[in-house]
Amino acid sequence: MSSHVPNEARVIPLHPPAARPGQRPGASPVPPDPSAPAAREPLWRDLVGDVLRRERLAQERTLKEVAQAARISMPYLSEVERGRKEASSEVLAAAAHALGLGLGDLLSRAQGELVRITARHAGGSRGRGPSGARHNGLCLAA
């Protein structure tokens, strides 16, 4: 039996989609074009893992060195870097500190990466989501 976790997330909007101009209230929105590729937001574990790996490589340190300094196993750190494991805040803090970062630094860099990626996918909508609302913060939910 495999414990593979799919690399995707389901997003449930908090607000109903805004009506398009000229559309009467209560009318159903136009369905999306099924032939258009759906843009998926990256998972938080992927972003954090990418930041950890980039910082480790920028310092020219091995996985073994950082894992020993963080007091976590090398295979587990590898899985975290590849976005395969949803690491606890304690593990993330230990890995960040082993790289000379604070937990806040790690999360801030991951949040910056999320903003950069989603802005690129939004096609220059300048931080506005599909509903047109501006997102200036970060919200994580389990």
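This passage describes helix H2 and its surroundings in a predicted model, together with a buried arginine in helix H1 and two loop residues of positive phi.

Helix H2 spans residues 63-70, and its buried residues are Leu63, Val66, Ala67 and Ala70. When H2 is viewed down its axis, these buried residues fall within an arc of 100°, so they line one face of the helix. Such an arrangement can be read against the geometry of the α-helix, which has 3.6 residues a turn, so that residues three or four places apart point the same way. The cover over the buried residues of H2 includes H1, H3 and helix H4, the last of these comprising residues 89-98.

Arginine 56 belongs to helix H1, which runs over residues 44-58. With a relative accessible area of 8%, arginine 56 is buried, because this value lies under the 20% cut-off. Residues up to four places away in sequence being left aside, arginine 56 touches Arg61, Thr62, Leu63, Val66, Glu81 and Leu99; among these contacts, Leu63 and Val66 are also listed with the buried residues of H2.

The loops on either side of H2 each contain a residue other than glycine with a positive phi. In the loop between H1 and H2, glutamate 60 has a phi near 55° and is exposed, its relative accessible area being 73%. In the loop between H2 and helix H3, the latter formed by residues 74-81, arginine 71 adopts a positive phi of about 60° just after H2. Arginine 71 is likewise exposed, with a relative accessible area of 77%.

Definitions and conventions:
Residues are numbered from 1 along each chain as its sequence is written. This is a predicted model: local features need pLDDT of at least 70, side-chain atom pairs count only at pLDDT 80 or more; totals for chains, interfaces and linings use all residues. Side-chain values use heavy atoms; hydrogens and water are left out. Helices (H or I, at least four residues) and strands (E, at least two) are DSSP runs, numbered from the N terminus. Buried means under 20% relative accessible area, exposed over 50%, partly exposed in between (1.4 Å probe, protein chains only). Contact means heavy atoms within 4.5 Å. The arc is that of the directions from the helix axis to the C-beta atoms.
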